[in-house]
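Here is a walk through a protein model with DNA strands, written for someone who would rather look at the structure than at a spreadsheet. Have the viewer open and follow along.

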Amino acid sequence: MNFSEEILKWYQVNKRSLPWRGSTDPYKIWLSEVILQQTRVVQGIPYYLKFVETYPEVGDLARASEAEVLKLWQGLGYYSRARNLHAAAKMVSEQYGGVFPETYGGLLGLKGVGDYTASAIASICFNVPEPVVDGNVYRVLARYFGVDLAINSTEGVKYFKKLAREVMDVGRIRDYNQGIMEFGAIQCVPKSPDCEACPLSESCVALQMKRVGDLPLKLKKTKVRSRYFNYIVFVSKDGRTVLEQRKGKGIWENLWQFPLIESTQKLSQSGFERRFGELNQTVDLVSIDLFNPEAIVHKLSHQHLYTSFWVVRTKEFPMDGISFEEADTYPVPVLIADFLRSFKKSYF
DNA sequence: AAGCCGGGGGA
DNA sequence: TCCCCAGGCTT
């Protein structure tokens with residue numbers, strides 16, 4: 001048996017039962033694929049179930065507001081996926097009459113659908129012979145064929161795509177593509193794979209060369225940036241607060257948060273009061289208290305956010321405040337959601 | 001080509 | 001602590 005035959009045989013026996021498995025409905029496959037971009041299956045499943053229940057068809061998603069979609073996406077990260085998901089749903093509804101394109105190129109034109117996702121939808125839904133190359137496939141191919149190119153280099157990307165195309169099973173592309181990804185996720189795992197139990201071990205180059213531990217190769221990641229966030233948690237006499245929407249580029253675009261003062265280092269009480277004063281607030285101050293004396297460190301893959309929540313009590317609100325219950329209906333970063341939970345526990 | 005974009009889980 | 005996850009977009 002050759003490579004693809006082994007993969008297909010292994011898949012037949014070992015495939016997991018997943019909510020979207022077996023479906024060829026492009027809406028459901030597209031939804032699952034976007035949710036699973038850079039996301040573990042176990043983390044994505046509850047979101048997939050929420051989305052198909054809330055929006056049974058692409059038109060339902062298209063008719064929702066972006067804020068509603070972001071709220072359902074809250075906690076999953078990479079929020080551009082949610083914004084693009086919503087935009088793509090509108091494209092399908094308005095430009096394609098609610099019917100997904102059935103070609104690789106057509107799918108690639110949808111927002112948030114790149115090479116991988118277009119290949120996945122085209123092959124799984126329409127049996128289009130396009131190879132998928134995700135993180136699992138890179139690992140399986142790099143090890144089995146002993147490829148020394150970095151998977152995130154331009155040359156590596158081209159090489160692996162070509163190799164994937166050469167070894168795929170054109171006639172059974174639907175199962176083969178899902179099979180090689182499943183094989184990477186279950187058998188050929190990143191760390192300490194059980195090669196003794198692997199049906200492909202005899203012909204695996206990395207195993208014979210004792211290089212399973214250092215393949216696939218990957219170029220160094222970007223370094224983390226440290227930032228200091230000071231959130232202004234207004235609390236008026238009638239228990240209302242203020243949220244504002246993040247605009248422009250950067251993390252959490254279009255999500256909501258408390259008014260923010262960013263500093264280059266941790267602010268003291270007087271330091272915060274000075275920066276707060278510079279905002280030219282016209283509120284009637286009662287008190288300013290630091291909620292968390294020790295900064296909350298919110299760690300993202302590329303930023304460490306050292307965060308202080310300053311509780312600013314006021315008399316009346318000239319601006320349009322909201323209640324803390326209402327705050328829970330806004331799409332917010334996990335950092336804010338966590339604070340809201342602990343704040344309400346200690347103050348109410 | 002390189003940087004940016006989240007959050008969580010495993011070792 | 002580091003690495004990875006059914007990647008894509010922007011510059």
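## A walk through the model

Let's start with Asn127, which counts as partly exposed because its relative accessibility is 36%. For the cut-offs, buried means under 20% relative accessible area, exposed means over 50%, and partly exposed is in between, with a 1.4 Å probe and protein chains only. Asn127 sits in the loop between α8 and α9, and its phi is near 60°, a positive value in a residue other than glycine.

Some ground rules before going on. This is a predicted model, where local features need pLDDT of at least 70 and side-chain atom pairs count only at pLDDT 80 or more, while totals for chains, interfaces and linings use all residues. Residues are numbered from 1 along each chain as its sequence is written, chains are lettered from A and ligands numbered from 1 in the order in which they are written, and side-chain values use heavy atoms, with hydrogens and water left out.

The loop between α8 and α9 also holds Glu130. Is Glu130 buried or exposed? Glu130 is buried, at a relative accessible area of 14%. Leaving out residues up to four places away in sequence, Glu130 touches Tyr104, Ser119, Ser123, Lys161, Arg165, Met168, Ile173 and Asn177; contact here means heavy atoms within 4.5 Å.

Stepping back, chain A has 348 residues, and 48% of them count as buried. Its secondary structure comes to 15 helices and 9 strands. These are DSSP runs numbered from the N terminus, with helices being H or I of at least four residues and strands being E of at least two. The C-alpha trace spans about 75 × 50 × 35 Å along its principal axes. Among contacts in chain A with a separation of 6 or more, 67% are between residues 24 or more positions apart.

Chain A splits into domain 1 (3-214) and domain 2 (225-347), with bounds that come from an automatic or database domain assignment. The domain centres, taken over C-alpha atoms, are 38 Å apart. Domain 1 puts 9 residues into the contact and domain 2 puts in 12 residues.

Now for the DNA. Around strand C there are 28 residues, and the closest are Leu36, Arg40, Thr117, Arg139 and Met181. A residue is near a strand if one of its heavy atoms lies within 4 Å of it. Sugar and phosphate make up 66% of the strand C atoms that come within 4 Å of the protein. Helices α8 (115-126), α9 (135-144) and α11 (173-186) each supply at least two residues of the surface near strand C. By class, that surface has 8 nonpolar, 9 polar and 11 charged residues. Here Ala, Val, Leu, Ile, Met, Phe, Trp, Tyr, Cys and Pro count as nonpolar, Asp, Glu, Lys and Arg as charged, and the others, Gly among them, as polar.

DNA strand B has 22 residues around it, of which Tyr78, Thr154, Ile251, Trp252 and His298 come nearest. Sugar or phosphate accounts for 57% of the strand B atoms within 4 Å of the protein, and the rest belong to bases. The surface near strand B has 8 nonpolar, 11 polar and 3 charged residues.

The table lists some polar contacts with the DNA; such a contact is a pair of N or O atoms within 3.5 Å.

| Protein atom | DNA atom | Distance |
|---|---|---|
| Gln38, polar backbone atom | strand C, phosphate oxygen | 3.0 Å |
| Arg139, polar side-chain atom | strand C, phosphate oxygen | 2.5 Å |
| Lys299, polar side-chain atom | strand C, phosphate oxygen | 3.4 Å |
| Gln38, backbone N or O atom | strand B, base nitrogen | 3.1 Å |
| Gln43, polar side-chain atom | strand B, base nitrogen | 3.5 Å |
| Gln303, polar side-chain atom | strand B, phosphate oxygen | 2.8 Å |

Trp252, one of the residues that come nearest to strand B, lies in the loop between β3 (244-245) and β4 (256-257). Trp252 has a positive phi of about 60° although it is not a glycine, and it is buried at a relative accessible area of 8%.

Helix α5 (residues 66-73) is worth a look too. Its buried residues are Val69, Leu70, Leu72 and Trp73. Viewed down the α5 axis, they fall within an arc of 160°, so they line one face of the helix; the arc is that of the directions from the helix axis to the C-beta atoms. Their cover includes α2 (26-35), α3 (41-54), α4 (58-63) and α6 (80-95). After α5 comes Gly75, with a positive phi near 100°.

Last stop: Leu215 and Pro216 are joined by a cis peptide bond, with omega about 5°. Pro216 lies in the loop between α12 (205-208) and β1 (225-236).

Definitions and conventions
Polar contact = N/O pair within 3.5 Å; in protein donor to acceptor, adjacent residues only side chain to side chain.
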